[in-house]
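I am opening my notebook on a protein that is new to me, and you are welcome to read along. I start with one of its pockets and work outward from there.

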Amino acid sequence: MLTKPELGVCYYPEHWPESGWAEDARRMVEMGLSWVRIGEFAWSRMESEPGKLTFDWLDRAIETLASAGLKIVMCTPTATPPRWMVDKHPDMLAWDVEGRVRGFGSRRHYDFSHEGYRAECVRIARILGERYGKHPSIKAWQIDNEYGCHDTTLSYSPVALDAFRFWLAEKYGSIDELNRRWGTVFWSIEYNRFDQIDLPNLTVTEPHPAHVMDFRRFASDQVVTFNKAQADVLRELTDADLLHNYMGRITDFDHYAVGEDLDIATWDSYPLGFLEDRSDRDDAYRRKYAREGDADFQAFHHDLYRAVGRGRWWVMEQQPGPVNWAPHNPTPNAGQVRQWTFDAFDHGAEVVSYFRWRQLPFGQEQMHAGLLRPDGELSEDGKAVRAIATELESYTQPSDEPAEVAIVFDYASQWAWEVQPQDKNFDYFRLVLDIYTGLRKQGCARIDILPPTTTDFGVRKAVFIPGLFAWTEELKSAMDTFEGQIIIGPRTGSRTEDFHIPDGLSPGLNGIKVVAVDTLREDSPLLLSDGGHIQIWREVIETEWDVVETTRTGKAVVLRAGRLSYWASWPDEQALERWFEKIVQKSHNDDYEK
Ligand code: GAL
């Protein structure tokens with residue numbers, strides 16, 4: 001971790017006349033910015049035709065920024081392959097779920113499975129690494145830009161199909177093994193050969209869940225492999241930190257797995273865009289917080305990326321004013337950018353970098369704010385950033401000890417419950433965020449997010465494992481040695497890795513069984529005896545455990561055995577608050593008994 005957190009900005013020298021670069025760099029430094037990120041969309045300027053490389057402009061841009069005293073994040077430009085690349089590899093474009101080719105003319109127009117394109121990315125990463133890998137001012141490298149954004153993890157193209165069949169053959173070894181483990185005897189789906197297996201789209205009705213689940217795992221693995229190919233090359237050529245900028249609420253690939261090959265996790269924080277575009281909050285909430293954003297959603301991602309980066313994380317793109325891409329794009333409240341920035345630092349961010357330096361008068365994002373207006377004057381939020389830099393000089397970051405409570409967050413569980421929601425309102429991310437939000441209401445300012453590969457829960461007071469698709473050996477062993485409270489469910493452990501209901505039924509703990517599931521319409525939540533409701537999901541339980549919460553009609557919804565609690569349902573806000581109070585009381589009693 002850095003001794004003092006720092007500020008940065010995203011800059012696009014290729015968008016501006018060279019005559020203005022030095023002045024831009026001077027003003028960045030004058031504002032108190034330490035970092036500048038460049039290059040992530042500049043491939044067409046680096047290589048205007050296949051093999052025609054032009055780096056003199058980039059050399060000069062780097063020298064200008066470096067000599068002003070800025071530290072540089074250099075990017076590989078692989079999120080925006082130039083037009084000639086598509087001519088060279090016409091089959092590199094991804095296909096959508098309806099079987100349509102996704103065209104050129106915006107960005108992220110590539111298929112993670114296309115080996116030719118992957119080789120081009122490795123080639124450009126090598127060229128950049130050889131040229132700039134030892135540059136003393138290039139202190140970090142970003143690979144690509146926002147994997148998965150614009151729905152780009154899953155592709156249903158012929159190249160994805162070939163790669164998927166290969167992946168399946170590697171995983172199962174024989175077609176009989178695949179048939180057995182998937183359970184393809186259902187609806188006579190049995191295959192004779194791997195090359196008969198299609199991608200799980202365009203089927204008449206729902207495809208087989210084990211088939212879709214493997215496709216989701218495969219698609220995630222393709223992102224990991226794509227990233228690793230560039231990371232491996234850069235490792236040979238630079239000692240600088242490697243990172244990626246993940247995007248909020250993108251769950252189609254396993255961020256922990258990508259993070260394993262990198263040094264720092266960064267994420268792109270657009271609080272107002274997210275509230276309008278990808279939040280589950282109701283209209284009243286959106287209206288109330290339209291100029292602030294959802295502080296819980298923000299905090300969750302800070303904590304998530306602290307986990308993905310194994311303690312090292314940044315905000316790479318912080319919204320500095322209105323964005324252009326949400327249904328409504330309000331200006332933030334005065335003081336809001338300051339609050340977002342310090343909130344990230346309070347959660348442990350090493351750097352907060354704003355997107356972007358100057359609002360651009362052309363292109364898709366011409367209505368997106370920058371720290372500077374299109375005429376070059378400081379925007380109101382630009383002025384705020386200048387003041388933040390001054391304030392930062394006397395700021396002390398809180399210590400990074402483990403939080404008292406943690407929640408396990410698992411990407412595979414998100415995929416599994418998208419594959420088989422059982423109720424249209426069952427969304428794993430929302431379940432985890434509800435619990436996270438409820439904990440913040442209880443005053444937990446910091447919550448750790450744990451991957452499903454965690455083997456030790458440490459000295460925490462409580463760990464939540466909601467909605468986990470399938471138990472991992474690691475989590476089971478972490479539970480065995482943990483002395484705090486463990487709150488499990490709903491739905492946890494309700495499938496095997498192969499997407500079967502486990503023989504002993506879920507949740508896979510002694511003395512308790514989920515024997516049926518009752519899902520609840522939006523207009524039919526069930527009232528609890530002590531106040532609040534359960535919603536969306538209720539499990540019918542056979543148990544020897546103590547029943548600690550019931551519905552008005554006596555149906556068990558929370559059960560306990562020693563340090564284990566099982567939530568057989570999804571509580572609403574009021575019920576959640578009460579249940580948390582009980583947990584807090586319980587851990588106080590435990591402390592007292594010790
Ligand atoms: C991010 C992206 C940036 C820019 C920004 C606009 O998703 O990484 O390149 O498009 O959004 O808000």
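**Entry 1: the second largest pocket**

I looked first at the lining of the second largest pocket, and found six nonpolar, four polar and twelve charged residues there. For this sorting, Ala, Val, Leu, Ile, Met, Phe, Trp, Tyr, Cys and Pro count as nonpolar, Asp, Glu, Lys and Arg as charged, and the others, Gly among them, as polar. Before going on, I note that this is a predicted model, where local features need pLDDT of at least 70, side-chain atom pairs count only at pLDDT 80 or more, and totals for chains, interfaces and linings use all residues. Residues are numbered from 1 along each chain as its sequence is written, and side-chain values use heavy atoms, with hydrogens and water left out.

I wrote down what a pocket is here: on a 1 Å grid over the protein atoms alone, it is an open set of points with protein on both sides within 12 Å along at least five of seven lines, while a cavity is a set where a 1.4 Å probe fits but cannot get out. A lining residue has an atom within 4 Å of a point. Points are joined across faces, edges and corners, and the volume is the space filled by probe spheres set on them.

The second largest pocket comes to about 580 Å³. I counted 22 residues in its lining, with D280, R281, R430, D434 and E573 nearest the centre. Helices α12 (295-308), α16 (428-441) and α18 each give two or more residues to this lining; helices here are DSSP runs of H or I with at least four residues, strands are runs of E with at least two, and both are numbered from the N terminus. Which element gives the most to the lining of this pocket? I found that α16 does, with six residues.

**Entry 2: the domains**

I then looked up the domains, whose bounds come from an automatic or database domain assignment. Domain 1 covers 6-152 + 222-392, domain 2 covers 158-213 and domain 3 covers 405-593. Back at the second largest pocket, I saw that domain 1 and domain 3 each supply at least three residues of its lining.

Next I checked how domain 1 and domain 2 meet. Their C-alpha centres lie 36 Å apart. Ten residues of domain 1 are in contact (heavy atoms within 4.5 Å) with six residues of domain 2. Together they bury about 550 Å², 68% of it on carbon and sulfur atoms; buried area is the accessible area (1.4 Å probe) that two parts lose on being put together, summed over both. On the domain 1 side, W95, V97 and S113 lose the most area to domain 2, together 49% of what that side buries.

How many salt bridges run between domain 1 and domain 2? The count is zero, where a salt bridge is a side-chain nitrogen of Lys or Arg within 4 Å of a carboxyl oxygen of Asp or Glu.

**Entry 3: salt bridges**

By that rule I get 49 salt bridges in the count. I picked out one of them, R37 with E317, at 2.9 Å from N to O. R37 sits in strand β2 (residues 35-38) and E317 in strand β9 (residues 313-318), so I noted a link between distant parts of the chain, 280 residues apart.

**Entry 4: the largest pocket and the largest cavity**

The largest pocket holds about 980 Å³ of space. Among its 35 lining residues, F41, T80, S106, R107 and Q364 are the closest to the centre. The lining divides into 13 nonpolar, twelve polar and ten charged residues.

I also found three cavities of 30 Å³ or more, and the largest has about 50 Å³. Its lining includes W567, W579 and K582. α18 (573-593) is one of the elements that each supply at least two residues to this lining, and α18 has the largest share, three residues.

**Entry 5: backbone details**

I noted a cis peptide bond between G489 and P490, with omega about 0 degrees. The bond from S506 to P507 is cis too, with omega near 5 degrees. P490 is in the loop between β14 (485-488) and β15 (512-519), and P507 also lies in the loop between β14 and β15.

My last look was at H150, a residue other than glycine with a positive phi, near 60 degrees. H150 is in the loop between β6 (138-142) and α6 (158-172).
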